[in-house]
Amino acid sequence: MTDSNKPQINPNPRLQSYYASLESVIGYELLLGGTRHFGYWDNPKTYNPFPISGSLRRMEEQLFRTLHISSGSGARVLDAGCGNGHVARYMARKGLKITAVDVVERHVRKAKETARKLEKEIEKERGSGSVEARHMDYHHLDALESESFDGVYTMETLVHATDPAKVLAGFFRVLKPGGRIAMHEYDNVLENEEEEGGTKESKTTGTTPEERSSEGVNKQRKGRPDEDLQRRMRQVNEWSAMPTNAISTPGAFKRMLEEAGFVDVEVRDLSDNIRPMTRFFYLLAIVPFWIISLLHLERYFINTVAGVGAYRGYGFWRYVQIEARKPGEAALVERA
């Protein structure tokens, strides 16, 4: 007999193992203070990424703006894959009421600690935001009422979805008419010719690669990535439990969102804006990477492999910002 109070969690042992690995636990804590996403820099050419914490908050601000929800509105927003709750904390400080869910129980415990500390701080500041952390799989949002959220966001977490179409359908269901979705995710052309990728991306953004380059966004590199880079990034997809990343060619997010019912889909390339961090990670990782490769230990140090691959794959692997809207009007969002 099934416990009706127990959340339905898809079995994903590789994902659980990835976040439980010593490399992940120590690395995220030491380098990012427990946060699990890239930072944002206005000057992509800087060789000084410090302070890292400032760049993380700037990336959270980018995600907040993409939601098109006003500060202090009291809007109800779903954080799908909340980690330790740091992004949810930032959003709550903007006056939003965040329901933060994650499949990793350790993350949920940390997120609840973050929420408790935040509650005291907001009381002192007489703010209006809040965070409720719950152990829940974003593939199974049945416990959440339909049309009950003004916004949904993912911060580099949809990559872990084993069925992204089901996840996006769930997001669509829980959003109110007019509700917004904002995602910071990755796409890549590791398996595609440059010409095919370029054509798809032009449809996604409505601009050509040349026009995007003139706006300060990196061009896709010509040709194909070499076999070693392809192999390394496949290792990252496999051992970091990122099956959606493996299928996320340019145009894939737009197509999946529209198939789920979303409209006004926009995709922006922020790869240049994370360049200082990928460069920093590359410099930290390159020597350990050589040793790990020599000993064939990649699966145990997959973040090190990713640190090298993300920098080497510039132009083939991209960091993208995505926004879309559920048709209708009811949600507490800014009007276009």
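Angles between helix axes under 35 degrees count as roughly parallel, those over 145 as roughly antiparallel, those from 65 to 115 as roughly perpendicular, and the rest as oblique. In this predicted model, helices H6 (residues 164-174) and H11 (residues 252-260) pack with their axes 9 Å apart, at an angle of about 50 degrees. The two helices, H6 and H11, are therefore oblique to each other. Their crossing, that of H6 and H11, is right-handed. On the H6 side, the contact is made by Pro-164, Leu-168, Ala-169 and Phe-172, which meet Met-256, Leu-257 and Ala-260 of H11. By class, the residues of this contact divide into 7 nonpolar, no polar and no charged.

In soluble globular proteins, nonpolar side chains tend to be buried together. Here the largest nonpolar core comprises 64 residues, of which Met-91, Ile-98 and Tyr-153 touch the most other members. With residues up to four places away in sequence left out, Ile-98 touches Val-77, Asp-79, Ala-88, Met-91, Ala-92, Ser-130, Val-131, Glu-132 and Tyr-153. Separate from this is a second core of 28 residues, including Leu-144, Leu-158, Ala-161 and Ile-181.

Leu-56 lies in helix H3 (residues 52-67). The cut-off for a buried residue is a relative accessible area under 20%; Leu-56, with a value of 2%, is therefore buried. Not counting residues up to four places away in sequence, Leu-56 touches Leu-32, Thr-35, His-37, Phe-38, Gly-39 and Met-277. The C-alpha atom of Leu-56 is separated by 10.0 Å from that of Gly-33, and these two residues are 23 residues apart along the chain.

Note on methods: Residues numbered from 1 in each chain as written. Predicted model: local features only at pLDDT ≥ 70, side-chain atom pairs only at ≥ 80, totals over all residues. Heavy atoms only, no water. Axes fitted to C-alpha atoms, helices over the stretch in contact; angles between N-to-C directions. Helix = DSSP H or I, 4+ residues; strand = E, 2+ residues; numbered from the N terminus. Left-handed = near helix turned anticlockwise from the far one by under 90°. Contact = heavy atoms within 4.5 Å. Nonpolar A, V, L, I, M, F, W, Y, C, P; charged D, E, K, R; others polar. Core = buried A, V, L, I, M, F, W, Y, C linked by side-chain atoms within 4.5 Å. Buried < 20%, exposed > 50% of the residue type's maximum accessible area, 1.4 Å probe, protein only.
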